[in-house]
Amino acid sequence: GECDVEVRDESSCLALLTQLLKLPRTEVLSRLTKLSEASLGKLAAKLKARIDNDESRGDEVEEADEDVASTDVASTSAAASAPNSAMALRAASRSQEEEARELSGCVEFSGSEKDISDDDEQAEILFAICDADLPEQERTQADRTSRGSKKRGIHKIGHRYLACVGFEHVMIYSGDSRTLDDALDIHIGFFQLKERVMRSLMEGVDFRTALMAAMCILRKDRDAAGARKTHFGFRVSCFWLPGQREWITKDMEKAISIWEQHASSRSQERIHRRRQKLAMLEQRRNNEAERLNATEEARRERKRKQDLQRDRQRQWLLSRISSVLKEKKESRRKLLMKTWRVSELPEGLALATFRSDGDCVCTILRLQDGSTRQGPFRKSITDAQSDLRALRALQKSAGDAVACAELEARDAHAMTAIFAVEMSGGRRRRA
């Protein structure tokens, strides 16, 4: 589109600036020379305001980018994530945390028990309940087959309930509970015990110390809650051994001794593998954090370059507009001095072109809607000022419509007078 249009409002000013910024520099100057002084002045003022506003906001935006980048890096150091997606970051964070907790043993259940969420522990515990309805003598056999049958957690045996938990080749079970609520309380305590033991093992604490400390906390918690007294049983299972593979006892010291004799080395191997996996996971997180940091830094660098290029283009355009505007003002001043013997026209008047540039002056009548109407062409500044006073007075008393009608009448009369003068001058020259 052409740029030789007047800038009448802010929207047209912004549209023209956008167009000029997209044009090749070789075409910008020719477009600017087609604009009036008023339009150039509006463009220069708007562009300068945009530049100043961007500079004032630049520091705030840069500080905000740094805060966001540091927050992203800190979060990715705890969880690897998919690139360029906040939702993927959150999802990956959850999956990584779950994987870490599983490796550390916080929710890793032996057998095929369901994981229990910290946010909805009750619902998962109830899901672990099964109605086995087994006679007392078959309880041990049920425990043996529980790894494949999902009968871990709480068992209903007749009208009583049995809570249990297993980890590192040891199963701990409670005495019979008459109510489901009591069994659930024990079940919750068991899982808290398991978390403490597994966390301690991952931190390098020996099994004996970890289990005895966790059992002590469990008993204290139950006593503090006023729970009924109950006994605990222990079963050590070493399925890889020939001959005897299971030992059942209510003596925790004996159970620990059996575990140390038969299951310690195998458990240590498992813990070692878990630690290796955790180290790999941590390395993967660190690598992902470094990758995301590099990606974010590259994005910010691209943005800085784009902003720099944009600012340079705006500054260049502003300098060109200012230069053209200065040239037009100087040319106009020279024309006024040569033709009209003044350096500036009075307010409300403007140069007009009839036969040559600036050979007439006219009044500019501004209407109520913000638009302007050009008055009759005059060969005298005094005549143009007289038009302006009369039209403004009429506009004030009768409104825009009457003033515009009078303007058109004066324009027709002025053009007739100019033609009459030219024709009489031509006849005198011929004579």
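# A walk from helix H2 to strand E5

Start by selecting Arg25, Val28, Leu29 and Leu32 in helix H2, then add Arg312, Gln313, Trp316, Leu317, Arg320, Ile321, Val324 and Lys328 in helix H10, the residues they meet. Contact here means heavy atoms within 4.5 Å. Sorted by type, the residues of this contact are seven nonpolar, one polar and four charged. For that sorting, Ala, Val, Leu, Ile, Met, Phe, Trp, Tyr, Cys and Pro count as nonpolar, Asp, Glu, Lys and Arg as charged, and the others, Gly among them, as polar.

Before going on, a word about what is on your screen. This is a predicted model, in which local features need pLDDT of at least 70 and side-chain atom pairs count only at pLDDT 80 or more, while totals for chains, interfaces and linings use all residues. Residues are numbered from 1 along each chain as its sequence is written, and side-chain values use heavy atoms, with hydrogens and water left out.

**The two helices**

Now show H2 (residues 25–32) and H10 (residues 264–339) as ribbons: they pack at an angle of about 35°, with their axes 10 Å apart. The axes are lines fitted to C-alpha atoms, for helices over the stretch in contact, and angles run from 0 to 180 degrees between N-to-C directions. H2 passes H10 in a right-handed crossing, that is, with the near helix turned clockwise from the far one by less than a right angle.

Zoom out for a moment. The protein has twelve helices and nine strands; these are DSSP runs numbered from the N terminus, helices being H or I with at least four residues and strands E with at least two. Of its 431 residues, 37% are buried. Buried means under 20% relative accessible area, exposed over 50%, and partly exposed in between (1.4 Å probe, protein chains only). Of the contacts between residues at least 6 apart in sequence, 58% join residues at least 24 apart.

**Salt bridges along H10**

How many salt bridges does a search of the whole structure find? The total is 31, each one a side-chain nitrogen of Lys or Arg within 4 Å of a carboxyl oxygen of Asp or Glu.

Select Glu37 and Arg332, whose closest N and O atoms are 3.8 Å apart in a salt bridge. Glu37 is in helix H3 (residues 37–76) and Arg332 in helix H10, so this pair links distant parts of the chain, 295 residues apart. Glu37 is partly exposed at 23% relative accessibility, and Arg332 is partly exposed at 22%.

Next, pick Arg314 and Asp54, a salt bridge with its closest N and O atoms 2.1 Å apart. This pair also links distant parts of the chain, with Arg314 in H10 and Asp54 in H3, 260 residues apart. Is Arg314 buried or exposed? Arg314 is buried, with a relative accessible area of 9%. Add Lys303, Asp307, Arg310 and Asp311 to your selection, and you have a network of salt bridges that also includes Asp54 and Arg314.

**Asp182 and its partner**

Move to Asp182 in helix H7. Leaving aside residues up to four places away in sequence, Asp182 touches Ser177, Arg222 and Arg228. With Arg222, the side chain of Asp182 forms a salt bridge (3.8 Å, N to O). Arg222 sits in helix H8 (residues 207–224) and Asp182 in H7 (residues 180–202), so the pair ties together parts that are 40 residues apart in sequence. Arg222 is buried at 10% relative accessible area, and Asp182 is buried at 10% too.

**A loop with positive phi**

Select Glu168, in the loop between strand E3 (160–167) and strand E4 (170–174). Its phi is near 45°, a positive value in a residue other than glycine. His169, in the loop between E3 and E4, has a positive phi of about 70° although it is not a glycine. Most residues other than glycine have a negative phi. Glu168 is buried at 2% relative accessibility, and His169 is buried at 12%.

**Last stop: Gly233**

Finish at Gly233 in strand E5 (residues 232–237), which is buried at 0% relative accessibility. Which residues does Gly233 touch, not counting those up to four places away in sequence? Select Met171, Ile172, Tyr173, Thr249 and Lys250 to see them. Gly233 and Lys250 are 17 residues apart in sequence, and their C-alpha atoms are 4.3 Å apart in space.
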